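The following exercises concern one protein model. Each task is followed by a solution that proceeds step by step.

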Amino acid sequence: MFHRSDRLLLRPVWPEDWKGILGEIADQAIVRNLASAPWPYREDDARAFTQLPIEPLYPRFVMTRADDACVVGCIGIDVLHAPDTVDTANTVELGYWIGRDHWGQGYATEAGRAVLTIARAIGHKRVIAGHFEDNPASGRVLRKLGFTATGRRLMRHSCGRGEEAETIEYALDLTALDDAEISPMPAVAA
């Protein structure tokens with residue numbers, strides 16, 4: 001599956017993407033805000049990530065700038081990992097990261113809108129997302145996307161930190177939104 005937004009191309013992660021991904025994510029300031037990426041992040045980690053199987057109901061994308069194919073980050077939806085969330089059958093989890101050189105340019109919001117459009121087209125009804133308490137920039141992105149805080153604060157393990165950290169949980173009901181509220185551009189499936 002592919003999606004073209006104003007400035008980004010979201011496409012499946014391919015094995016040859018490992019260098020571009022490694023070049024953007026191998027930064028402790030990024031990895032410490034992710035649940036499953038280890039620190040230090042090495043070539044083997046990038047290669048393993050690009051070899052993960054493609055799951056049609058849980059797409060994962062590399063974000064590239066549309067004009068020059070420069071890797072900006074990664075984004076995707078996955079099986080819900082919050083163990084005590086109600087209705088896990090209809091709920092997915094959004095995750096993303098942006099390379100440091102691309103922070104503050106609106107790429108996370110733009111890619112998030114695209115992925116929410118795709119999640120809704122696939123038939124997902126509800127999306128959960130969260131951020132570590134000491135990463136408020138991610139919370140601003142989630143609120144721009146229409147997420148609201150659930151009021152839950154959870155302890156979640158961060159491989160990059162090597163410990164648990166407090167996470168603020170957000171949710172978005174995709175069935176309550178119309179298409180214009182999610183994304184101005186339709187998804188393109190391949």
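A disulfide is a pair of cysteine sulfur atoms within 2.5 Å. The model is predicted: local features need pLDDT of at least 70 and side-chain atom pairs count only at pLDDT 80 or more, while totals for chains, interfaces and linings use all residues. Residues are numbered from 1 along each chain as its sequence is written, and side-chain values use heavy atoms, with hydrogens and water left out.

**Exercise 1. Cysteines**

Determine how many disulfides a search of the whole structure finds, and state whether Cys74 is buried or exposed.

Solution. Step one: the search of the whole structure returns zero disulfides. Step two: apply the burial classes, in which buried means under 20% relative accessible area, exposed over 50%, and partly exposed in between (1.4 Å probe, protein chains only). Step three: Cys74 has a relative accessible area of 3% and is therefore buried. Cys159, at 35% relative accessibility, counts as partly exposed.

**Exercise 2. The nonpolar cores**

Identify the residues that touch the most other members of the largest nonpolar core, and the element that supplies its largest share.

Solution. Step one: a nonpolar core is a set of buried Ala, Val, Leu, Ile, Met, Phe, Trp, Tyr and Cys residues joined through side-chain atoms within 4.5 Å. Step two: the largest such core has 30 residues, of which Leu10, Met63, Ile75, Leu94 and Phe147 touch the most other members. Step three: helices (H or I, at least four residues) and strands (E, at least two) are DSSP runs, numbered from the N terminus. Elements that each supply at least two residues of this core include strand 2 (8-12), strand 4 (71-79), helix 4 (107-122) and strand 8 (163-173). Helix 4 gives the largest share, eight residues. Step four: contact means heavy atoms within 4.5 Å. Leaving aside neighbours within four places in sequence, the contacts of Ile75 include Leu10, Met63, Leu94, Ala111 and Val115. A second, separate core has 16 residues, among them Ile21, Ala37, Tyr41 and Ala46.

**Exercise 3. The two aspects of helix 3**

Explain why the buried residues of helix 3 lie on the same side of the helix.

Solution. Step one: in helix 3 (residues 43-50), the buried residues are Ala46, Phe49 and Thr50. Step two: these residues cover an arc of only 95° around the axis, so they are on the same side of helix 3; the arc is that of the directions from the helix axis to the C-beta atoms. Step three: the buried residues of helix 3 pack against helix 1 (18-25), strand 3 and strand 4.

Step four turns to a charged pair. A salt bridge is a side-chain nitrogen of Lys or Arg within 4 Å of a carboxyl oxygen of Asp or Glu. Arg47 forms one with Glu43, the closest N and O atoms being 2.8 Å apart. Both residues lie in helix 3, four residues apart, about one turn of the helix. An α-helix has 3.6 residues a turn, so residues three or four places apart point the same way. Arg47 counts as partly exposed at 36% relative accessibility, and Glu43 does at 35%.

**Exercise 4. Salt bridges**

State how many salt bridges a search of the whole structure finds, and describe the pair formed by Arg161 and Asp134.

Solution. Step one: the search finds eleven salt bridges. Step two: the closest N and O atoms of Arg161 and Asp134 are 2.7 Å apart. This pair links distant parts of the chain, 27 residues apart: Arg161 is in the loop between strand 7 (148-158) and strand 8, and Asp134 is in the loop between strand 6 and helix 5. Step three: salt bridges that share partners join Arg32, Asp134 and Arg161 into one network.
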